[in-house]
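Welcome! Below are some exercises to try with the model open beside you, each followed by a worked solution.

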Amino acid sequence: MNRIAVYPGSFDPITKGHEDLIHRSLGFVDRIVVGVAVNVAKQPLFSFEERVALIRECVADKRVEVQSFDGLLVDFAKRVGATVIIRGLRAVSDFEYEFQMALMNRNLGPQIETIFLVPAFDLTYLSSSLVREVARFGGDVSALVHPAVQQALKRKFAK
Ligand code: PNS
């Protein structure tokens, strides 16, 4: 059986927390399609093309594919043949939003299950927004992101 999961998000930029969840998911699915949301409500630092390219650089595994998507997540999941949506839960503060989203997605696509994964303990405090903020003010993000992302952040904030 070819079990496909979608791992959606803004990935602005991908962090080691996201990488950790991708690797954990490969323990129970055959293929992961990382879905980079084009129209995120917030103004992203990286364009969706840049976010997709960075994920491809960070995750070199032939079971992982990266695509951007516009519109509803469940429609994207159906299009790529996924039966599972992967989301990370870091803290209680994530829970309400994630719970609402999972129920809405179930309402829109009852055949697709959301699975929540807990990241590695030392990555639970990590978020793309914190990484952007630390990098913006010249802080060291080398433990938090892949070297390709670190370089991309340096280039962004050098402008
Ligand atoms: O990393 P993020 O920003 O928390 O990811 C949120 C994302 C992109 C997964 C979510 O906003 C989403 O699924 N957007 C697509 C539009 C959609 O389907 N909205 C209804 C979900 S309840």
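How many of the ten residues of H1 are buried? Before solving this, please note that the model is predicted, that local features need pLDDT of at least 70 and side-chain atom pairs pLDDT 80 or more, while totals for chains, interfaces and linings use all residues. Residues are numbered from 1 along each chain as its sequence is written, and side-chain values use heavy atoms, with hydrogens and water left out.

**Exercise 1. Find the buried residues of H1.**

Solution.
- Step 1: Take buried as under 20% relative accessible area, exposed as over 50%, and partly exposed as in between, with a 1.4 Å probe and protein chains only.
- Step 2: Go through the helix and pick out Gly 17, His 18, Glu 19, Asp 20, Leu 21, Ile 22 and Ser 25, which are buried.
- Step 3: Seven of the ten residues are buried, so H1 is largely enclosed by the rest of the structure.
- Step 4: Look at the N-terminal end of H1, where Thr 15 acts as a cap, with a side-chain oxygen 3.1 Å from the backbone nitrogen of Gly 17. This is a polar contact, meaning a pair of N or O atoms within 3.5 Å; within protein, one must be able to donate a hydrogen and the other to accept it, and residues adjacent in sequence count only if both atoms are side-chain atoms.

**Exercise 2. Describe the surroundings of Ser 25.**

Solution.
- Step 1: Locate Ser 25 in helix H1, which covers residues 16-25. Helices (H or I, at least four residues) and strands (E, at least two) are DSSP runs, numbered from the N terminus.
- Step 2: Ser 25 has 1% relative accessibility, so it counts as buried.
- Step 3: Apart from residues up to four places away in sequence, Ser 25 touches Ile 32, Ile 86 and Leu 117; contact here means heavy atoms within 4.5 Å.

**Exercise 3. Work out what the side chain of Asp 12 reaches.**

Solution.
- Step 1: Find Asp 12 in the loop between strand E1 (4-9) and H1.
- Step 2: With a relative accessible area of 5%, Asp 12 is buried.
- Step 3: Follow its side chain to the backbone nitrogen of Leu 45 at 2.7 Å, and to the backbone nitrogen of Phe 46 at 2.9 Å.
- Step 4: Beyond neighbours within four places in sequence, the contacts of Asp 12 include Arg 51, Ser 128 and Arg 132.

**Exercise 4. Classify two aromatic pairs.**

Solution.
- Step 1: Rings of Phe, Tyr and Trp (its six-membered ring) pair if their centres lie within 6.5 Å; planes under 30 degrees apart count as stacked, over 60 as edge-to-face and the rest as tilted. This rule gives three aromatic pairs.
- Step 2: Phe 69 and Phe 76 are stacked, at 4.7 Å centre to centre with 15° between the planes. Both of these residues, Phe 69 and Phe 76, are buried.
- Step 3: The ring centres of Phe 95 and Phe 99 are 5.1 Å apart and the planes are at 20°, so this pair is stacked.
- Step 4: Phe 95 and Phe 99 are four residues apart in helix H4 (residues 92-108), and therefore about one helical turn separates them. An α-helix has 3.6 residues a turn, so residues three or four places apart point the same way.
- Step 5: Phe 95 is partly exposed at a relative accessible area of 42%, and Phe 99 is partly exposed at 41%.

**Exercise 5. Which residues are closest to the ligand?**

Solution.
- Step 1: Among the 14 residues that surround the ligand, the closest are Ser 10, Lys 42, Leu 72, Leu 73 and Arg 87; near means that a heavy atom of the residue lies within 4 Å.
- Step 2: A side-chain N or O atom of Ser 10 is 2.4 Å from a ligand oxygen.
- Step 3: For Leu 73, a backbone N or O atom lies 2.8 Å from an oxygen atom of the ligand.
- Step 4: Arg 87 has a polar side-chain atom 3.0 Å from a ligand oxygen.
- Step 5: The ligand taken alone exposes 540 Å², and the protein buries 74% of that; these areas come from the Shrake-Rupley method with a 1.4 Å probe, and for residues only the protein chains shown count as cover.

**Exercise 6. Outline the whole protein.**

Solution.
- Step 1: The protein has six helices and five strands, and from the N terminus the order is β-α-β-α-β-α-β-α-β-α-α.
- Step 2: Of its 159 residues, 47% count as buried.
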